[in-house]
Amino acid sequence: MRFLTFSDFQATGWQVNNSSIKELVEGLLASQQEVFGNFGITENIHIVHLMAQLSHESGEGSEMTESLNYKPAALLMQWPKHFTPAQAMTYGRTDAHPANQKMIGELAYGGRMGNAPAPAEDGYNYRGRGFIQTTGKDGYAALAKLVGLDLVKSPEMVTDPSQAFKCAVAEFVHYPRMLAYCEEDNLLAVSSLINLGHLVTDKDQVIGYQDRAAQLRLWKHQFGF
């Protein structure tokens with residue numbers, strides 16, 4: 001197994017000239033030896049599947065915190081059970097006013113995934129973050145146990161360059177048989193676990209499957225598969 005290098009990220013399209021992405025990559029490179037050792041990453045095929053998923057989920061490091069900058073129609077399409085048309089117009093982005101992302105988070109995620117319902121701020125505080133977009137208070141609490149960090153108290157640590165890769169790899173490998181699916185080169189299994197949390201047999205059920213496949217091809221080429 002070889003370790004990741006800065007040139008791997010340049011070659012696979014990460015915009016490393018962007019200072020925040022560069023900082024993330026540098027944090028990843030600095031922590032990878034310890035992280036791989038702690039979480040059983042021992043083969044190149046593990047790394048290419050891991051990096052394909054992380055690249056897709058994080059927009060190659062550019063989308064480490066979920067944007068809730070939705071227009072009203074998009075809110076109603078994304079969360080039809082969580083917004084009334086009036087709420088969507090009030091909190092969504094229009095020509096008259098910007099999106100109220102805090103309220104959108106509270107209504108979209110409040111009352112589920114371990115979050116207290118609105119007007120509590122859990123839905124916003126525990127919105128998607130990190131290389132794998134950890135979401136919901138329960139999700140942060142479960143990840144906290146895996147990595148030994150108080151992510152419930154400080155959820156922003158999931159995006160900290162010194163901790164983000166550890167959080168991502170811990171979440172990646174906790175799914176049953178994840179590394180075995182990598183070794184089998186089973187992109188559908190890996191992708192469905194990351195995207196849906198369970199296995200499916202139809203790739204069309206996985207959001208962004210084609211991009212995940214394209215990312216895997218890039219990383220495989222970089223690692224000489």
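Okay, let's start with one residue: Gln-133 is buried, with a relative accessible area of 18%. The cut-off for buried is under 20%, so Gln-133 falls in that class. Where does Gln-133 sit along the chain? Gln-133 is in the loop between H7 and helix H8, and H8 covers 137–147. It has a backbone feature to look for too: Gln-133 has a positive phi of about 55°, although it is not a glycine. Before I go on, please keep in mind that this is a predicted model.

Gln-133 comes back when we look at the largest pocket. That pocket has a volume of about 1,000 Å³. Which residues are closest to its centre? They are Glu-57, Ile-132, Gln-133, Thr-135 and Asn-195, out of 31 residues that line the pocket. Helix H3 (44–57), H8 and H11 are the elements that give two or more residues to that lining. And what sort of residues are they? By class, the lining has 13 nonpolar, twelve polar and six charged residues.

Now, there's another residue with a positive phi. Asp-185 has a value of about 60°, and again it is not a glycine. You'll find Asp-185 in the loop between helix H10 (178–183) and helix H11 (187–196). Is Asp-185 buried or partly exposed? At 35% relative accessibility, Asp-185 counts as partly exposed.

While we're on loops, scroll to Pro-119. The peptide bond from Ala-118 to Pro-119 is cis, with omega near 15°. Pro-119 is in the loop between helix H6 (101–109) and helix H7 (122–125).

Okay, let's zoom out to the whole fold. How many helices and strands are there? The protein has twelve helices and zero strands. So if you read along the sequence, it's just α after α, right to the end. For the overall dimensions, the C-alpha atoms fill a box of roughly 55 × 35 × 35 Å, taken along the principal axes. Here's a check you can do yourselves: with 225 residues, a compact globule would have a radius of gyration near 17 Å, and this protein has 18 Å, which agrees.

What about inside and outside? Buried residues make up 47% of the 225 residues. The accessible surface comes to about 10,700 Å², and 50% of that belongs to carbon and sulfur atoms. Then there are the contacts: if you take those with a separation of 6 or more, 54% are between residues 24 or more positions apart.

Helix H9, residues 164–173, is a good place to see burial. Eight of its ten residues are buried, so H9 is largely enclosed by the rest of the structure. The buried ones include Phe-165, Cys-167, Val-169 and Glu-171. What do the buried residues of H9 pack against? Their partners are helix H2 (19–39), H3, H8, H10 and H11.

Let's finish on the H2 side, with Val-35, which is in helix H2. At 4% relative accessibility, Val-35 counts as buried. Leaving out residues up to four places away in sequence, Val-35 touches Phe-165, Lys-166 and Val-169. Now click on Gln-163 as well. Val-35 and Gln-163 are 128 residues apart in sequence, and their C-alpha atoms are 9.9 Å apart in space. That's my tour, thanks for listening!

Conventions
Residues are numbered from 1 along each chain as its sequence is written. This is a predicted model: local features need pLDDT of at least 70, side-chain atom pairs count only at pLDDT 80 or more; totals for chains, interfaces and linings use all residues. Side-chain values use heavy atoms; hydrogens and water are left out. Helices (H or I, at least four residues) and strands (E, at least two) are DSSP runs, numbered from the N terminus. Buried means under 20% relative accessible area, exposed over 50%, partly exposed in between (1.4 Å probe, protein chains only). On a 1 Å grid over the protein atoms alone, a cavity is a set of points where a 1.4 Å probe fits but cannot get out, and a pocket is an open set with protein on both sides within 12 Å along at least five of seven lines; lining residues have an atom within 4 Å of a point. Grid points are joined across faces, edges and corners, and a volume is the space filled by probe spheres set on the points. Ala, Val, Leu, Ile, Met, Phe, Trp, Tyr, Cys and Pro count as nonpolar, Asp, Glu, Lys and Arg as charged, and the others, Gly among them, as polar. The radius of gyration is taken over C-alpha atoms; the globule rule is 2.2 Å times the number of residues to the power 0.38. Contact means heavy atoms within 4.5 Å. Accessible areas come from the Shrake-Rupley method with a 1.4 Å probe; for residues, only the protein chains shown count as cover.
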